Amino acid sequence: MPLFALVGFLVLLAFGRRIGDPVAGWIGTLAIAGSFVAACITFAGLSHLPSGAREFTQTYFTWISVGGLHVNAAILIDPLSMTMAMFVTGVSMLIHLYSIGYMKKDRDYSKFFVYLNLFVFSMLILVLANNLLLTFVGWEGVGVCSYWLVSFWFERDSAASAGKKAFIYNRVGDVGFLLAMFLVFSKVGTLNYLSVFANRHVLAGGTATAVMLLLFLAATGKSAQIPLFNWLPDAMEGPTPVSALIHAATMVTAGVYLLCRMNEVLALTPDAMWVIAIVGGVTAFVAATIASAQQDIKKVLAFSTVSQIGYMVLAVGSGAYIAAIFLMVCHAFYKGLLFLGAGSVIHGLEDEQDLKRMGRLRKWLPWTYATFLVAWLSIAGVPPFSGFWSKGDVLTNVYAKSPALWALGVVTAVLTGYYMSRLFFLAFYGKDRWKDPVPGGAAHHSPHESPWVMRLPLVILAVFSALAGAFDLPWVHHYDFASWLAPVFAHSLYLDHEGTVAQWVLATIDAVMAFVGIGVAWHLWKSKVNRPELERKFLINVWYWDDFYDTVIGRPSQSLARFCAGVVDARVIDGAVNGAASLVRATGSQARRLQSGYVRNYALGIAFGTAAIVVFVLSRTWW
Amino acid sequence: MRVALLIASASLHGGIAMPHIAYLAILPEIVMLGGAILLLAVASLVRSALNVTVITVSTLVISLASLAAALWQFFDVQSHGAYTTLDHAVVLDGFSVLVTVLVASAMALTALVGDGYQRREGLAGPEFNVLAMVSATGAMLMGEANDLVIVFLGLEILSIALYVLAAFNRRRAESGEAALKYFLLGGFSSAIFVYGIALTYGATGTTNLTQIADFLAKNVVVSDGLLLAGLTLLLVGFAFKVAAVPFHMWTPDVYQGSPTPITGFMSAVAKAAGFAALIRVFVSSFGVLRVDWQPIIYALAVVTLLVGAVLALIQTDIKRMLAYSSINHAGFVLLGLEAAGALGKVGARGVSSALYYLFAYTFMAIGSFAIVSVLGGRGDAAHEISNYKGLGKRQPFLALAFAVLLLSQAGAPFTTGFWAKLQVVAAAVDANSVPLAVIAMVSAAVAAFFYLRVVLLMYSPKKFVSDQEGDRLENLDASGDAVASTSAREPLWSGSGRQTALVNELNATLLLESSPETIEVPDEREGDVVNVPVLAVVAIGICIAVTVGFGVFPAPLADFAHKASLLFMP
């Protein structure tokens, strides 16, 4: 499976520049399509087996064997990894296709697909790896691809620094991953998932909590949760397909995947689960409030992503892994669709991202409008779209864990309906504000609909967004998502699909909340463009998180760095290094005098050396 | 000894009693030496001079046949275990097989590199390859000798051919000088070595390694002065061959003067053979006396590591630099040998780490010298390090290959050099020689500096560096003394941007590092783009493939080295 992506990457790396636009894009897409087909075949093969036997380890070669550490390059195929692989390759394939149109005429066209293919390869390594170390390789691989792709237009200062920001926030999380790995290895002596699970009793107690919290730190970095969430909005500087693929559908869910993968260890530690649940819930809420005040269409979507992943994390913390994965899959469809739709809008308006400068686009971009509509209803949680089922699943489980967190989730659901509708109305309804001239610039031309390579993925994703809920309907008991994934999550707290009264009530509340959010937004934003009282500075500025980091960490470490550079480095370290270097040099120059070039001196050296050793040896026997 | 006695007794009693010979044990040697003699005979019998291609191809065939024989031996040893033959004078075990494989591969690679060299220098005739093959035969013999006399025989076969090869380029005076120095000092050290054999024989009554070990195991030598002196002299003989300090002084001169492909061959094969015999003799025969020889090896390792690294820093000639680096590498192998003195598993780990190091070093060294040889240009003379400036622009592939090999020598991860250093250092730590391991790491850090200096030089923008250098030279000319050159540096340090200042500083360090010569000899000329022979590319490619391949997947090679140390028959 990953092989196709790797081959695509290598081919494009070697010949991409020569092949150029648009063939390079097609090659990249075909490579991912190959991965997708391979994933489908494996998936089909796996689903024919009885549910207990759906677990394979395919070992390719021994990667590292040092002392007690034996790491194989091996993949683990089970329902969880296959689910991930399926939707990663599927969504990637569509987004590759879309990019062929979106990146047209870009200077570094082929380079874009090089990175994109490498990203998919890394992502597949991440989800298929059978041990923590190999997962970490994929983890770092997607991290670095994300860095390259965010700063793809590196001539822009903001893009370059956004890339750096993404990278640094992720590195902070990676430290957690590494420490967790060291801890697991020191206790269990292996990094293989199945062996770790088999010996998980060793970890019971404080160790499990420590391991899971460290891994959760890694997850907060990759999946943009509090406290490491603020890189994601900045990452929107990348090309829109990148935002769709990496920063909505796939990479940012890696943290959730990791936590689900380690569910057997997580089950040992209720404390860590509480932390995870609370952080997830709070993130979901905070990000939703911020999303309701942003002007940039992509930033709204970015905070919405953070909020939705917050739901997933909340689900994981509540032990509802299946619900988390279910939401992840549905989210990949509708959020990918939202981003691609936004990309289509941006493309149509020639790189305009400001919501206040859009309006009435439904007339001009009918395809985009129709598909966006589906995505909007989905994410807002309107039945019977997929968002309703998956979010409902999460909230039902959260209610079982803690009604307080459930309440927070419901408030967030209202907010979700609200900010998505605000975006939708501002962009597609109202007046043709893009006709107004920009202060100091000209008005836009009439928007144009995107080419078919961009529309096709929109339509496909719209179909899935609408219908994905059918994977896991509450009244279906066989061949559904839950029983498919159940073997992986032996310790899941997942509620049974019994249609109890409580569940029906909860579901009704969800649906009502979605309509409340939409209704409020309709009332407020249908015709108005500016409502400063609802767009508080506090929200626009992301609760001043960035300023907080800047003051508490940024500035002091800058002064520290300046101090280090000016005093410590220049005086102490350079002094020591230069001192050592000149010492070595001086010694060398002196020693070189012995190297006279005369054979007689060399022979003398040998004779002295021999004499010295003989004297040494014999002296030992005499004393 | 025994053979001589046998012949003497046979002449008394009439008829010669031949010892039983298992021909497989000496098959690689037979193929190598027989092939060499056959090639020489054919070359002298045919009327017209043999063309270089024919000679190279036949050398390759012979080397690969010898390699195949060695692999056959490997499977034989795997299934039947180790054994001795030729009246216990020769032993076939995993250890000897590894050395044979290594030498045969080195020979094949040298033939590939030598082809282009001979064409460029206009050296016709088969002698170059024939002598190298004879030398390789000697090296193989040293690897499987189980008798001090056979060790000496192998040593001399190896060395005498190398003396001639060092002088091979008759048009270069340095070549002759190198050969003469090597010959005189080599003769001196051989004499010491033979004296060592004599003293050992006097003390134990035998020259057979197994019997020496038996003798020492069964008898407690009360007055062991004779034995220890013999041991010391043997050690000196080996230390000379592997270029351990203070018996290293010939190395830079000889490496610099010899034809470059031969330098590569010499550094790989002579070192491997010398260490192989050294390890076998000391670990298997003198294992009982480890308390006596371990401190000596310890001390030799320390000075070898440090002197090699420090003196390499100040070289301006790439071949001299690599010569000192090879001394530094010898120090690392000594680290493994020191650990090999320990008992049981730890000792076995020491042996396998030393073997691994030798294997890794062989390919790094031959590859590096192959590149140096190609870049040497006609006359094999352009070896100033400053010539490598801007190589990354002129010949990107060659520069990349050299960078990889140098990084491997420095011990960068994902190369065999890294695993090799890791293994010997780990072995030393296991053997409780922590201070030695620390010294090794320090020397590796120093060594990294001079390897990286070359890499940096290859990739520094040519114009920029030469501008800086030009400025300094102008200043130097204007004021005429070195003080001005230091004051001219001031503006660089307080340069406009921090970044530029840093780069300047680096360059300044670089240029100053390479001793006053670099400043006195301005090398402004654009280096010519040299023509890279196809066979040399193949050789370099193989070296890189081995270095990086086994660097990324270290398991098979480590396994091989491990097996070689397990099958090692004391």
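## Interface area

Chain B and chain A together bury about 3,000 Å², and 73% of that area is on carbon and sulfur atoms. The model is predicted. Three residues lead on the chain B side: Leu185(B), Met249(B) and Ile314(B) supply 18% of the area that chain B buries against chain A. No other three residues supply more.

Counted by contact, chain B puts in 40 residues. Chain A puts in 31 residues.

## Polar terms across the interface

Salt bridges between chain B and chain A number zero under the rule applied. Polar contact is found for one residue pair across this interface, with both residues at pLDDT 80 or more.

## Elements on the chain B side

Seven helices of chain B are named here, and each supplies at least two residues of the side that touches chain A. They are listed with their residue ranges:

- α7 (173–204) and α9 (225–242)
- α10 (250–257) and α12 (290–313)
- α13 (318–340)
- α22 (498–513) and α23 (515–520)

The largest share comes from α12(B), which gives seven residues to the side of chain B that touches chain A. By class, that side of chain B holds 27 nonpolar residues. Charged residues there number nine, and polar residues number four.

## A nonpolar surface patch

Chain B also carries a nonpolar patch on the surface. Its members are Val429(B), Val434(B), Val438(B) and Val442(B). Together they have about 290 Å² of accessible area.

Which helix gives the most to this patch? Helix α18 of chain B, residues 434–459, does so with three residues. Val438(B) lies in this helix α18.

## Backbone features of chain B

One peptide bond stands out for its geometry. The bond from Val245(B) to Pro246(B) is cis, with omega near 5 degrees. Pro246(B) sits in the loop between α9 and α10 of chain B. Both of those helices also supply at least two residues each to the side of chain B that touches chain A.

His88(B) has a positive phi, near 65 degrees, and is a residue other than glycine. Where is His88(B) placed? His88(B) is in the loop between β1 (83–85) and β2 (90–92) of chain B.

Technical notes:
Residues are numbered from 1 along each chain as its sequence is written. Chains are lettered from A and ligands numbered from 1 in the order in which they are written. This is a predicted model: local features need pLDDT of at least 70, side-chain atom pairs count only at pLDDT 80 or more; totals for chains, interfaces and linings use all residues. Side-chain values use heavy atoms; hydrogens and water are left out. Contact means heavy atoms within 4.5 Å. Buried area is the accessible area (1.4 Å probe) that two parts lose on being put together, summed over both. A salt bridge is a side-chain nitrogen of Lys or Arg within 4 Å of a carboxyl oxygen of Asp or Glu. A polar contact is a pair of N or O atoms within 3.5 Å; within protein, one must be able to donate a hydrogen and the other to accept it, and residues adjacent in sequence count only if both atoms are side-chain atoms. Helices (H or I, at least four residues) and strands (E, at least two) are DSSP runs, numbered from the N terminus. Ala, Val, Leu, Ile, Met, Phe, Trp, Tyr, Cys and Pro count as nonpolar, Asp, Glu, Lys and Arg as charged, and the others, Gly among them, as polar. Patches are made of residues with over 30% relative accessible area and no salt bridge: like charges are joined within 9 Å, nonpolar side chains (Val, Leu, Ile, Met, Phe, Trp, Tyr) within 5 Å. Accessible areas come from the Shrake-Rupley method with a 1.4 Å probe; for residues, only the protein chains shown count as cover.
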